[in-house]
Every structure is written in structure tokens, then in C-alpha cells.
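Here is a friendly briefing to read alongside the structure. Have the viewer open, and follow the topics in whatever order suits you.

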Amino acid sequence: MPENTASLLSRPCGSRPRLTALQAVQAMQAVRSPAATAFGTGQAAPGLRPLRLALRVALRMTIERLALSRQRHGLRPGGMVAPCAGAPVGDLPTFPGVVVAPLAPSVGHLRDLPDGPVARPVLRDRNPLPHDKKPAMSPRRLRPRRALLACLALAGSALLASTAPAADAWPAKPIQLVIPYPPGGSADLLGRPLAAQLQQQLGQPVVLEYKPGAGGTLASHYVARAKPDGYTLLMVLAAHAINDSLYPKLPYDTRKDFVPVSLLANLPMVVAASSKLRARNIQELIQAAKAAPGQLSFGSAGNGNTGHLAAEYFSSICAIEMTHVPYKGSAGVVNAMLAGDIDLTFDSISTSMPHIRSGRMHALAVTSAERSALAPEVKTVQEQGIAGFDVTGWYALIAPAGTPADITQRLSRAIASVLRQPPLQAQLAAGGYEPVGSTPEALQAHLEREITRWAAVVKATGARVD
């Protein structure tokens, strides 16, 4: 804001002269947005300061025009002097999408006067004409009510422009990454190092927000309703595609309420047995299940979780019956396995493998088509006589529908960049993850395949929410 206008606004009300129309417009233009000042040299107006300043200017402009309008039978307003000689009005900051139209010459009968240090209305002498011969008000003169509406509209436009963050300024604040399962699970083990690297890449904190429950649908519903500005993201697992057909009615549309960002990683699953189960391979597991139908219990990280449907799929192929026990996250499953509360689990290899190494759990097989690099000695389910069985966990990043494409593309490129870094690759490989870092388009195709595939499995197995 020019020095003369700023000083006028900062003076006490009793000692403050009238603002000219040009000064009012300059004051309106000088209301800076937080996003603009964060990358510029001005000082951002905290809180509601931009609104207060805009309304103050609008009120003063309205008072000016009311005063000029009411002088038509007495004092006639003269011209207004420019704020200062040679003031570069074009150098003032402008608002994107806000156009300030020039004031009509009929408003106040403005005329040019010599330059002066301070701009204020100059009033002429009282009109000597009799009252009945005084000129009528010009029909083109702006009426007070219209002046008030015009000023409030200008103030509202300035407020919207000052509070709307610029798209090219993203990210200008911390980013929330929602995890649909509790801490300690496979999503958390991937999310923590990924968030740390993204924070360095994007220059803003990436905060993990855990919203477990209902097989991940609570987190999905939360993100579906979030503002699509690139500051709320969701990590999803295969359960996101499974829930579309497993749950009879979801509070969101899996296909329409989200946009893809990147396929983060793949992760094999392991069929692990607790210490109380004597089976040491897949064939022995099948024999034990057939000997006692419904007596063996398997745990999962929640209804609709990949482990849940993988076990149901396995039971359908092998013609066996087992009892499902859902938990809130992989950590709960592992604790139940160690305590002997359940017999087995189809779990992410990253969370079960440490306990398999310690001997407290036993690996019967991996569910992927190929052996895992983390445990090459463990055979696949297919190698043990179950042809065509192939279930691999995956992790992806999505955003609310309506998120600008330039933001999702930039996020995708940032994720691909951090996943190529050798330290992060080594850290993820130690947990069995296979980093991907795909484009949004590749993730969209992957999601469509998974939704279709798991819908067929749900229909064939008769899986239901417990």
C-alpha cells in the first residue's frame, strides 16, 4: 500500500481526512493474500485483518459518495487531487480474477486539479441559485444504495482473492496423509519413511493421520469429503478395491469420489501359523482344516482386508471351512498370534517376518506367484499344489475427487523421485516392500483391474462382513 494511503488509514478517526476514490481503490488493491505474501516481500495480514481493511475501505467509499450526493442543493463537490505526484498505480499488487473498473466521471463530478501532497475533496462555495431553480440530480449519478452494494461487492471480491491460495503456490502448508489402519501395521511401516522423504522433496511437513475402522472405509469416507486442494491424501491398500463389492452400501463412490496419484509399492503376503498349530506347510494346513471344519481360526487386519479375502479365497479353492476373526490392524493380529488366540493368518510379510525369524511363528507359504526376496526359502502356495493362487498386497496414494491435475502430477513425480533413492529402497526392501512409484494413469488402470477381480472373488466365495 502506498505510504500516504497507509498513513491515512492508520490515523485516529478524528484526525483522518477523507479518502479519495483513487486512494480507496489503492487501499483495496493493497490487501495482500497469505499465499502471495508468503513468497513475496510484504507482510501477510493475519486472521481477519484483510476483511476488516476491505470493509473499512468500502464503508469510507460509501460515506464519501453519500456526502457528495447530498451536496447537490448546497455545496457542490469539486475535483480530487491525485494521491501524490507520479504515484505508480500500476505497480500495486492486483488480485487474480478481480477487475477494478474506473469510476464514472458523473460520480462526484470529478475534475483534475493541480498535484498536492494530500488528496481530499475540495468543496466549492454554496450555490447561489434559489431552491426552486437548483439543478436536479443527474440520473447517471450513482445512488447511495447502489454505491453501498458496489463497495460491499468489491470488498467481498477482495476477501475471496486474499484467502484463496494460488495453485502454483502448492504446497503452502502441511499435508495430511491419512492411514486407514492403526500404527504398527504394514501401511504405517511404509507411510513413515515415505512421509519423511516427501517432506524434504516438497518443503512442507507431511503429517500422518491414523483413522482405523470398518476395513478402511472410515478413512476413505473422511478423505472423500475433504477439500480437494492437495492437502489431504489417503493411502489405500487392496481393501479399498475389495470394499467396493464386499460392503452392500458405502458412504462414498470408490470410482467417482477419488482421483489416483501413485501406486507406491507391492508387498507379498505370508501364510503364518501360530505355535499351537502343528501344520508346517499348506497341505498339512488343508488336512487339519478338513479334519475339524470351522474349528481353525484365522485373523485379519479387519473386515475386507486383503488378508481376509485371501483366506476366504484360499478356503474356497481348497474346499475347507475356517473361522474369521477380524482385528483393527496387523498389530492386533500379530499380538493374537503370539498369545495363541488364533491359529493362523494371511498377513503382510513385513509385520509377520520378524516373529517368524524369532521362531514364535511359522511361515507356511507366501501368497504371491513368486517367492519373496525377503524370505526366499519359503515356498509359494502355487508351489505346494494350489494352482493359480496369487495374492499380492499393494499400497497406493489417492486424493479427493476434484483435486487439480497439476497437483496430482507433481505429487506423482515427487513420489517416483523419492522411491528411487537408494537409502529408502534399502529400508523398504528390508521389510519386503517392492517400490513402484507409478503415474496417476497407471494407478487408475490398476484400480479398475483390482475392483473387477475382487468383485468376482467376493461373489465366488460368498464372503461377508462379520
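## Briefing: contacts, strands, helices and rings

T403 touches P228, G230, V259 and T408, leaving aside residues up to four places away in sequence. Please keep in mind that this is a predicted model. The protein has 466 residues, and 49% of them count as buried. It holds 15 helices and 12 strands. Among contacts between residues at least 6 apart in sequence, 80% join residues at least 24 apart.

**Around T403**

- You will find T403 in the loop between β11 (392–400) and α13 (405–419).
- T403 counts as buried because its relative accessibility is 8%, and the cut-off for buried is under 20%.
- The T403 side chain also reaches back to the backbone oxygen of P400, at 2.7 Å.

**Strand β5 and its partners**

- Strand β5 covers residues 232–237, and 6 of its 6 residues are buried, so the strand is largely enclosed by the rest of the structure.
- Its side chains split between two directions: T232, L234 and V236 point one way, while L233, M235 and L237 point the other way, and all are buried.
- Strand β3 (residues 175–179) runs parallel to β5, and 3 bridges join the two.
- Strand β11 runs antiparallel to β5, with 4 bridges between them.
- L234 is a handy residue to select here: L234 is the bridge partner of V178 in β5, and I398 is the bridge partner of L234 in β11.
- β11 also links this topic to the previous one, since the loop that holds T403 lies between β11 and α13.

**Strands β7 and β8**

- In strand β7 (residues 297–300), S297 and G299 point one way and F298 and S300 the other way, and all are buried.
- β7 runs parallel to strand β8 (residues 323–326), joined to it by 4 bridges.
- For S300, the bridge partner in β8 is P326.

**Helices α6 and α12**

- α6 has 17 residues and reaches 24 Å from its first C-alpha to its last, close to the 24 Å expected at 1.5 Å a residue.
- The buried residues of α6 include S186, A187, D188, L190, G191 and P193. Also buried in α6 are L194, A195, L198 and L202.
- G203 follows α6 and has a positive phi, near 80°.
- Helix α12 spans residues 349–358, and I349, S350, T351, S352, M353 and I356 are buried in it.
- What do the buried residues of α12 pack against? They pack against α6 (186–202), β6 (258–274), α11 (330–339), β9 (344–348) and β10 (361–366).
- Just after α12, G359 takes a positive phi of about 90°.

**Aromatic rings**

- The structure holds 6 aromatic pairs. One of them is Y313 with F389, a stacked pair at 5.4 Å centre to centre and 20° between the planes. This pair links distant parts of the chain, with Y313 in helix α10 (residues 306–318) and F389 in the loop between β10 and β11, 76 residues apart.
- Are Y313 and F389 buried or exposed? Y313 counts as partly exposed, at 21% relative accessibility, whereas F389 counts as buried, at 0%.
- F314 and F346 form a tilted aromatic pair, 5.6 Å centre to centre with 55° between the planes. F314 lies in helix α10 and F346 in strand β9, so the pair ties together parts that are 32 residues apart in sequence.
- F314 is buried, with a relative accessible area of 0%, and F346 counts as buried at 1% relative accessibility.
- Ring pairs link Y313, F314, F346 and F389 into a cluster.

**Charges over rings**

- The charged end of K211 sits over the ring of Y222, at 4.3 Å from the ring centre.
- For R453, the charged end sits over the ring of W454, 4.9 Å from its centre.

Conventions: Residues numbered from 1 in each chain as written. Predicted model: local features only at pLDDT ≥ 70, side-chain atom pairs only at ≥ 80, totals over all residues. Heavy atoms only, no water. Buried < 20%, exposed > 50% of the residue type's maximum accessible area, 1.4 Å probe, protein only. Polar contact = N/O pair within 3.5 Å; in protein donor to acceptor, adjacent residues only side chain to side chain. Contact = heavy atoms within 4.5 Å. Pairing = 2+ DSSP bridges. Expected span 1.5 Å × (residues − 1). Phe/Tyr/Trp six-rings, centres within 6.5 Å; stacked < 30°, edge-to-face > 60°. Lys NZ or Arg CZ within 6 Å of the ring centre and 35° of its normal.
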